[in-house]
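Here is a set of questions on how labels follow from computed values. Each answer sets a value against its cut-off and concludes.

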Amino acid sequence: MITQVRPPQPVTIGALAPLTRPGWVEAGRHLLAGLELAVGEVNDGGGIGGRPLELMVRDTAADPRRAAAAVDELAQLGVAAVAGEYHSVAARAAAARADALGLPFLCSSAVLDALTEEPTEWVARLSPPQSHGWRVYADFLLDAGHSRIAVATEPSVYWASGVRILRDHLAPRGGTVVELDARALTPAAVCDALVDHRATALLLLVGFPEPAVSIVRSVRRDQRLTETMIGAPAGQPEFAAWATSLGGDSAAIPFLRYLPAQLGPLGARVATALRERLAEEPSFVAFEGYDTITVLADVLRSHGTDRARIAASWPHVAVEGTRGQIRFSRTPGISVWQWARTPVQVVDRDPAEPSRLRIRHAG
């Protein structure tokens with residue numbers, strides 16, 4: 001009698017990403033590419049104690065309700081942890097449900113400081129808090145000679161938080177921030193407001209492609225605003241769709257990117273693999289996805305699949321990621337376990353070669 005050997009049961013991780021509109025689909029695709037690349041490498045190396053690692057992917061479409069429902073579903077399906085998400089509003093809903101259910105959540109990309117209302121042991125984060133990254137951006141503005149800043153905004157907890165951070169950081173240094181409601185103003189009216197307020201920089205805290213594309217084109221074509229800098233701190237110009245939509249107008253629009261000035265050996269190897277997988281230059285979001293699985297695989301190997309033990313492991317993590325050694329700590333004002341040394345850059349697309357990114361400032 002031949003005894004059939006059952007294959008080992010996989011260790012499952014829930015993966016959240018915006019894969020359909022109105023989510024930032026390109027960011028979701030890069031995030032998922034990083035997650036999947038790392039899972040493949042973990043399994044090529046023997047998995048988790050001989051068990052294969054498997055992703056259960058759920059599309060949030062940047063919708064907080066969908067994100068929360070996905071966490072509920074994944075918890076019932078028995079995942080060891082949840083990972084991913086790019087949009088702060090969706091990640092915040094996912095973090096709240098993970099905390100309530102006692103399910104570990106390693107957030108890859110969302111930066112909103114208040115990821116949970118109260119401090120939690122269940123949630124950790126790789127991306128820097130918005131208060132840190134956007135202060136770096138504010139310092140870049142001041143160093144570049146911009147103290148009269150206008151922001152074109154749409155309603156969002158994330159955008160409102162960004163405006164508050166910029167205003168609080170710039171005001172003691174003589175900077176001013178005026179808000180322009182992108183819902184109420186046409187792109188031409190935004191240009192008029194920039195002239196009226198004598199703003200030297202306009203920051204786009206709005207959706208892409210619209211109204212961002214129309215505002216950029218209007219400002220670029222207004223002869224009164226030839227010296228006005230356009231910025232997009234949230235990182236929309238990182239992705240190829242930005243250059244495709246705006247052509248030559250896509251260049252010289254600084255944004256935040258979470259990569260070091262130079263990748264180490266691991267980062268360089270992963271960059272090559274991501275470039276092949278994506279058929280384009282990988283964004284920092286793809287590296288965040290890869291690092292997320294790298295951390296979780298290390299935790300699962302050393303602490304097992306029990307959810308409480310995974311959550312208890314956050315302060316003991318010491319893992320070499322693509323962008324440096326990852327350790328989590330408690331950061332004042334941040335309610336989750338935080339990687340405190342995430343690299344932060346301000347970069348833009350080179351006007352002479354829009355496919356090439358230039359580092360303008362590092363924090």
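## From values to labels

Q: Why is Arg-358 called partly exposed?
A: The model is predicted, and in it Arg-358 has 25% relative accessibility. Buried means under 20% and exposed means over 50%. The value of 25% falls in between, so Arg-358 counts as partly exposed.

Q: What makes Arg-358 and Asp-348 a salt bridge?
A: Their closest N and O atoms are 2.8 Å apart. The cut-off is within 4 Å, so the pair qualifies.

Q: Which parts of the chain does this pair tie together?
A: Arg-358 lies in strand S16 (residues 353–362). Asp-348 lies in strand S15 (residues 345–350). The pair therefore ties together parts that are 10 residues apart in sequence.

Q: Is Asp-348 buried or exposed, and how do you know?
A: Its relative accessible area is 0%. Buried means under 20%, so Asp-348 is buried.

Q: What makes Arg-97 and Asp-72 a salt bridge?
A: The closest N and O atoms are 2.8 Å apart. That satisfies the 4 Å limit, so the label holds. The pair links distant parts of the chain: Arg-97 is in helix H3 (residues 88–101) and Asp-72 is in helix H2, 25 residues apart.

Q: Why are Arg-97 and Asp-72 labelled partly exposed?
A: Arg-97 has a relative accessible area of 27%. Asp-72 is at 25%. Buried needs a value under 20% and exposed one over 50%. Neither condition is met, so both residues are partly exposed.

Q: How do you know that Asp-59 and Arg-66 form a salt bridge?
A: The closest N and O atoms are 3.3 Å apart. The limit is 4 Å, so this pair counts.

Q: Which burial labels do Asp-59 and Arg-66 get, and why?
A: Asp-59 has a relative accessible area of 19%. That is under the 20% cut-off, so Asp-59 is buried. Arg-66 is at 39%, so it counts as partly exposed.

Q: How many salt bridges does the structure hold, and which residues are linked in a network?
A: The structure holds 18 salt bridges. Asp-192, Asp-222 and Arg-224 are linked in a network of them.

Q: Why does Glu-26 have no salt bridge?
A: Glu-26 is buried, and the nearest side chain of opposite charge, Arg-29, is 4.7 Å away. A salt bridge requires a distance within 4 Å. The value of 4.7 Å misses that limit, so no bridge is assigned.

Q: What surrounds Glu-26?
A: Glu-26 is found in helix H1 (residues 25–44). Leaving aside residues up to four places away in sequence, Glu-26 touches Phe-239, Ala-240, Ala-241 and Glu-280. The backbone nitrogen of Ala-240 lies 3.1 Å from a polar atom of the Glu-26 side chain.

Q: What makes the link between Thr-60 and Glu-85 a polar contact?
A: Their side chains are joined at 2.8 Å. The limit for the N or O pair is 3.5 Å, so the distance fits.

Q: Why is Thr-60 called buried, and where does it lie?
A: Thr-60 has 0% relative accessibility. The cut-off is under 20%, so Thr-60 counts as buried. Thr-60 lies in the loop between strand S2 (53–59) and helix H2 (64–76). Beyond residues up to four places away in sequence, its contacts include Leu-16, Arg-66 and Ala-90.

Q: Why is Gly-175 called buried?
A: Gly-175 has a relative accessible area of 8%. That is under 20%, so the label is buried. Gly-175 sits in the loop between helix H5 (157–170) and strand S7 (176–181). The C-alpha atoms of Gly-175 and Leu-142 are separated by 7.9 Å, with their positions 33 residues apart along the chain.

Q: Which residues touch the most other members of the largest nonpolar core?
A: Leu-202 and Phe-328 do, in a core of 101 residues. The largest share, 11 residues, comes from helix H10 (residues 284–303). A second, separate core has 22 residues, among them Ala-67 and Val-79.

Q: What makes the chain as compact as a globular protein of its length?
A: The chain has 11 helices and 16 strands. Its radius of gyration is 21 Å, close to the 21 Å that the globule rule gives for 363 residues, so the description fits.

Note on methods: Residues numbered from 1 in each chain as written. Predicted model: local features only at pLDDT ≥ 70, side-chain atom pairs only at ≥ 80, totals over all residues. Heavy atoms only, no water. Helix = DSSP H or I, 4+ residues; strand = E, 2+ residues; numbered from the N terminus. Buried < 20%, exposed > 50% of the residue type's maximum accessible area, 1.4 Å probe, protein only. Lys, Arg positive; Asp, Glu negative; His and termini not counted. Polar contact = N/O pair within 3.5 Å; in protein donor to acceptor, adjacent residues only side chain to side chain. Contact = heavy atoms within 4.5 Å. Core = buried A, V, L, I, M, F, W, Y, C linked by side-chain atoms within 4.5 Å. Rg over C-alpha atoms; globule rule 2.2 N^0.38 Å.
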